[in-house]
Amino acid sequence: MEIYQIGGMRMIGIPMISNLQNLKFNALQIDTKRSELKKLSDQRTKLIQDCLEDGLSVIKISEATNISRQRVYRILNKGD
């Protein structure tokens, strides 16, 4: 069985994939992760809004999320 090196990973029994195919796959992975990040960011914004509606302070939200109070306000104002 042959061993191939693809993007720093050792693969056994898989034929060598061209750099162009690797690049296309990488672009697809980036797009997928970007989409996942957007969903998580939207979810965080909604959760922050819900916490504020429940009476939690921006300080408590900031501590729970490990982000600054200023960032919490920016998230709320921009919907980031």
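# A tour of the helices

Begin by selecting I59, which lies in helix α2 of this predicted model. With a relative accessibility of 45%, I59 counts as partly exposed, because that value falls between the 20% limit for buried and the 50% limit for exposed. Now add R69 to the selection and draw a distance between the two C-alpha atoms: I59 and R69 stand 10 residues apart in sequence, and their C-alpha atoms are 6.2 Å apart in space.

Before going further, zoom out to the whole chain. Three helices and two strands make up its elements, and, read from the N terminus, they follow the order β-β-α-α-α. Of the chain's 80 residues, 14% count as buried. Among the contacts between residues at least 6 apart in sequence, 29% join residues at least 24 apart.

Next, show α2 and α3 together. Their axes come within 9 Å of each other and cross at roughly 100°, which means that α2 is roughly perpendicular to α3. To see the contact itself, select V58, I59, I61 and S62 on the α2 side, and R69, V72 and Y73 on the α3 side. By class, the residues of this contact are five nonpolar, one polar and one charged.

From that group, keep S62, which has its place in helix α2. Is S62 buried or exposed? Its relative accessible area is 10%, so S62 is buried. Follow the side chain of S62 and you will find that it reaches the backbone nitrogen of R69, at 3.5 Å. If neighbours within four places in sequence are set aside, the residues in contact with S62 are I67, S68, R69 and V72.

Move along the chain to N66, in the loop between α2 and α3. Here the backbone deserves a look, since N66 has a positive phi of about 60° although it is not a glycine. N66 is exposed, because its relative accessible area is 71%, and a value over 50% counts as exposed.

Select I67 next. Which residues does I67 contact, once its neighbours within four places in sequence are left aside? They are S62, V72 and I75, and the contact between S62 and I67 appears again in the list for S62.

I67 also leads into the nonpolar core. Select I48, V58, I61, I67, V72 and I75, the six residues that form the largest nonpolar core. The elements that contribute two or more residues to this core are α2, residues 58–65, and α3, residues 69–78.

For the last stop, display helix α1, which spans residues 19–53, beside α3. These two helices pack at an angle of about 105°, with their axes 10 Å apart, so α1 is roughly perpendicular to α3. On the α1 side, select R44, T45, I48, Q49 and L52, and on the α3 side R71, V72, I75 and L76, and you have the residues that make the contact. By class, the contact of α1 with α3 has five nonpolar, two polar and two charged residues.

To finish, leave V72 selected and look back over the views. V72 belongs to the largest nonpolar core, is among the α3 residues that meet α2, and is also among the α3 residues in the contact with α1.

Technical notes. Residues numbered from 1 in each chain as written. Predicted model: local features only at pLDDT ≥ 70, side-chain atom pairs only at ≥ 80, totals over all residues. Heavy atoms only, no water. Core = buried A, V, L, I, M, F, W, Y, C linked by side-chain atoms within 4.5 Å. Buried < 20%, exposed > 50% of the residue type's maximum accessible area, 1.4 Å probe, protein only. Helix = DSSP H or I, 4+ residues; strand = E, 2+ residues; numbered from the N terminus. Contact = heavy atoms within 4.5 Å. Polar contact = N/O pair within 3.5 Å; in protein donor to acceptor, adjacent residues only side chain to side chain. Axes fitted to C-alpha atoms, helices over the stretch in contact; angles between N-to-C directions. Parallel < 35°, antiparallel > 145°, perpendicular 65-115°, else oblique. Nonpolar A, V, L, I, M, F, W, Y, C, P; charged D, E, K, R; others polar.
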